[in-house]
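Here's a quick briefing to read with the structure open beside you. It runs through charge pairs, pockets and a surface patch.

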Amino acid sequence: MITEKLSQFVAEAFKAHGLPEDLGRITVSDRPDLADFQCNGAMQAARIAKKAPRDIAVSIVEWVKNNDKRNLFSEINIAEPGFINLRLSPKTLKTYIDMMVLDERLGVVMTDNKEKVIIEFCSPNVAKNMHVGHMRTTFIGDTLCRLYELKGHEVIRMNYIGDWGTPMGIVIEQIRDECPDLPYFDESTEDYPTTLPFDFETLVTFYPKGSARNKDEETFQTRVKKTTAEFQAGHKGYR
């Protein structure tokens with residue numbers, strides 16, 4: 001990992017000043033607009049050396065600049081009270097990317113602490129038509145899965161499609177109002193038709209209209225709650 005290599009170099013700066021090497025640990029910057037990486041070791045070093053954090057940081061930065069023979073950094077600066085910000089040089093970035101390309105694992109190291117990771121994808125509302133936004137979250141979810149798997153974790157992919165709650169009650173009640181003669185509302189019916197009594201384009205219009213009504217019409221809200229409960233309890237016609 002590039003952070004490990006950079007940390008080894010900056011650790012030498014702390015060692016040269018009689019400070020613990022682990023204070024040179026480099027992490028990804030919390031402010032990518034300011035730097036690529038950061039080192040917070042001067043804050044801890046100040047307590048050890050009994051000096052101001054900025055004084056420590058100035059000494060470390062000076063050492064790093066004087067000893068950066070490989071031109072690792074294009075910019076190094078200090079943010080109060082003593083955070084060291086480092087930006088990589090284009091040469092360093094190119095070298096690291098070239099190394100990643102030649103590595104079959106692209107520089108990703110297997111973890112020693114394997115965990116079980118559950119990633120939920122878009123989980124669409126089953127009463128509504130899907131849209132391009134569901135593709136976006138699905139692609140992001142799959143990307144995260146691949147990254148976790150590459151690190152060696154066990155990944156469980158989930159895309160929850162089974163919301164038998166209010167949306168189903170809304171759809172059923174809207175259908176009841178628009179198509180009251182359908183047999184599905186009578187639970188005593190023996191054999192229900194197995195073919196959809198309307199096309200898909202019509203089906204997807206029920207939820208938006210019913211959802212709007214469910215926000216404003218108390219009577220409709222009451223019907224939806226009752227129907228949802230009956231649906232969940234196994235009402236044959238609704239199922």
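How many salt bridges does the count come to? The count comes to 16 salt bridges. Keep in mind that this is a predicted model. A few of those pairs are worth a look, and then we'll move on to the pockets and the surface.

**Salt bridges around helix H6**
- Arg223 and Glu173 pair up through their side chains, with an N to O distance of 2.7 Å. That pair links helix H8 (residues 218-233), home of Arg223, to helix H6, home of Glu173, across 50 residues of chain.
- The two partners sit in different settings: Arg223 is partly exposed at 24% relative accessibility, whereas Glu173 is buried at 2%.
- Arg213 and Asp177 also meet in a salt bridge, again given as 2.7 Å from N to O. Arg213 belongs to helix H7 and Asp177 to helix H6, so this contact ties together parts that are 36 residues apart in sequence.
- Asp177 is partly exposed, with a relative accessible area of 35%.
- Shared partners join Glu173, Arg176, Asp177, Arg213, Glu217 and Arg223 into one salt-bridge network.

**Helix H5: a salt bridge and a nonpolar patch**
- Asp142 forms a salt bridge with Arg157, and their closest N and O atoms are 3.6 Å apart. Here helix H5 is linked to strand S6 (residues 154-158), with the partners 15 residues apart.
- Asp142 counts as partly exposed at 23% relative accessibility, and Arg157 is also partly exposed, at 37%.
- Ile140 is found in helix H5 (residues 132-151) too. Together with Leu144, Leu147 and Tyr148, Ile140 makes a nonpolar surface patch of about 360 Å².
- Ile140 has a relative accessible area of 47%, so it rates as partly exposed.

**The largest pocket**
- The largest pocket has a volume of about 650 Å³. It is lined by 27 residues, and the closest to its centre are Val171, Ile175, Leu196, Leu203 and Tyr238.
- Helix H6 (166-178) and helix H7 (200-216) are the elements that give two or more residues to this lining. The largest share, four residues, comes from H6.
- By type, the lining of the largest pocket splits into 20 nonpolar, four polar and three charged residues.

**The second largest pocket**
- About 300 Å³ of space lies in the second largest pocket. Of its 13 lining residues, Lys5, Arg70, Leu72, Thr92 and Thr95 lie nearest the centre.
- Helix H1 (2-16) and helix H4 (90-102) each supply at least two lining residues, and H1 gives the most, with six.
- This lining divides into six nonpolar, three polar and four charged residues.

Methods: Residues numbered from 1 in each chain as written. Predicted model: local features only at pLDDT ≥ 70, side-chain atom pairs only at ≥ 80, totals over all residues. Heavy atoms only, no water. Patch = residues over 30% accessible without salt bridge, like charges linked within 9 Å, V, L, I, M, F, W, Y side chains within 5 Å. Areas by Shrake-Rupley, 256 points an atom, 1.4 Å probe, with all protein chains shown as cover. Salt bridge = Lys/Arg side-chain N within 4 Å of Asp/Glu carboxyl O. Buried < 20%, exposed > 50% of the residue type's maximum accessible area, 1.4 Å probe, protein only. 1 Å grid on protein atoms, 1.4 Å probe; cavity = no way out; pocket = protein on both sides within 12 Å on 5 of 7 lines; lining within 4 Å. Points joined across faces, edges and corners; volume = space filled by probe spheres on them. Nonpolar A, V, L, I, M, F, W, Y, C, P; charged D, E, K, R; others polar.
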